[in-house]
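The following exercises concern a single protein chain. Each task is followed by a solution in steps.

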Amino acid sequence: MKRTGRLFLLIAFLPGLAGSVQAQGTVEEDYRKEKEAIWREHDRTVAGIAAYCEKRPERKDSLVMAITRTGDAAAGKTGETALRYASVPEALGDLFRARNFISKDTLGATLKRLSAETQGPFYGKCLRAHLETEQVEEGGACYDFRITGQHGEEFAFSSLTGRNILLVCGGLGCMQEEGRAYLDKIYAETSRDDLRVAVYCFCNNPDELRRIQASFGCKYPLVSDFRGDDGPVKIRYGVQELPTCFLIDRQGTVILKPRKK
C-alpha cells in the first residue's frame, strides 16, 4: 500500500479511537458522580446523627450503631454501583473493597464478563484470589502467616497460639481515643499467659510500624506483614471494614469474627 494510502487509513481511524477514549472518560465520570452522590448522602445522614448525639448523649451507643449501619448501607450501594461500572478501573477497586457485601457468584459472573486487560494487573488478581480462597470462619482454624513486630522481629502468627489471641486488624485511627483507651484497658487487665493482643497495621515497612506505635503510644504489640489488598489479612481473613477483630482460642480456632453483611 502506498504511503498516502496508509496515511489516509490512519486519519480515518483516529476519530473513532478518540471517540472510544472520550466514551470511556464519560463512563468514568458517570461512575464518580453516582459514587459521590452516595457518599454525600451518607455524610449528610452522619452529620444529622452526630448533631442529635450532642443533644442526647445518653443515646450515644445506639447512635454510634446507626452511624455504622449508615456506612454499611453506603458501602453496599457503592458495591452495587461498581457492579454496573465494573469496566472502570476505579469501580473494580471499589468492588474489591465492597466484596463482603456481594455474593461470590455475582462477583465471579462480573469478572467473567471482563477481559483480562480490563481486569487489570492488580484488583482483578485480588478479586480472583478472594473468589478462589476459603476465608476463615468461626469454628475453623486461624490462618498462619509470617509477621513482623514493631521492633523488627519476624515470627509466625501461629507462634502466638497456646493462649487466647485478640487479633485487631487496622483501624487504630478509626476507633478514636475512646476505642484505643478501651483496648488499653483490655490489655492492662488481662494476663499475657491468658490473652495475647496483636494489632495488625496496614503499612509498608518496619519504620512506618514504629511511627504508628509512637503516634498512638500503644502498649500492646503492633505487627504487620507489610502487604496490602493482596495480602492474607484481606484475602484469608476477609478484612474489609477497619478495625476488624477476631478472637482465637488456645488451640488456634477462631471463636469470634464479624458477621457478614
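Buried means under 20% relative accessible area, exposed over 50%, and partly exposed in between, with a 1.4 Å probe and protein chains only. The model is predicted: local features need pLDDT of at least 70, side-chain atom pairs count only at pLDDT 80 or more, and totals for chains, interfaces and linings use all residues. Residues are numbered from 1 along each chain as its sequence is written, and side-chain values use heavy atoms, with hydrogens and water left out.

**Exercise 1.** Determine which parts of the chain the salt bridge of Asp230 and Lys125 ties together.

Solution. Step 1: a salt bridge requires a side-chain nitrogen of Lys or Arg within 4 Å of a carboxyl oxygen of Asp or Glu. For Asp230 and Lys125, the closest N and O atoms are 3.7 Å apart. Step 2: Asp230 lies in the loop between E5 and H9, and Lys125 in helix H6 (residues 123-132), so parts 105 residues apart in sequence are tied together. Step 3: Asp230 is partly exposed at 26%, and Lys125 is partly exposed at 40%.

**Exercise 2.** State whether Lys257 and Glu137 are buried or partly exposed.

Solution. Step 1: Lys257 has a relative accessible area of 12% and is therefore buried. Step 2: Glu137, at 35%, is partly exposed. Step 3: the two residues form a salt bridge, with closest N and O atoms 3.7 Å apart.

**Exercise 3.** Identify the residues with which Lys35 shares a network of salt bridges.

Solution. Step 1: Lys35 pairs with Glu90 at 2.7 Å between the closest N and O atoms. Step 2: the network links Arg32, Lys35, Glu90, Asp94 and Arg97.

Methods. Helices (H or I, at least four residues) and strands (E, at least two) are DSSP runs, numbered from the N terminus.
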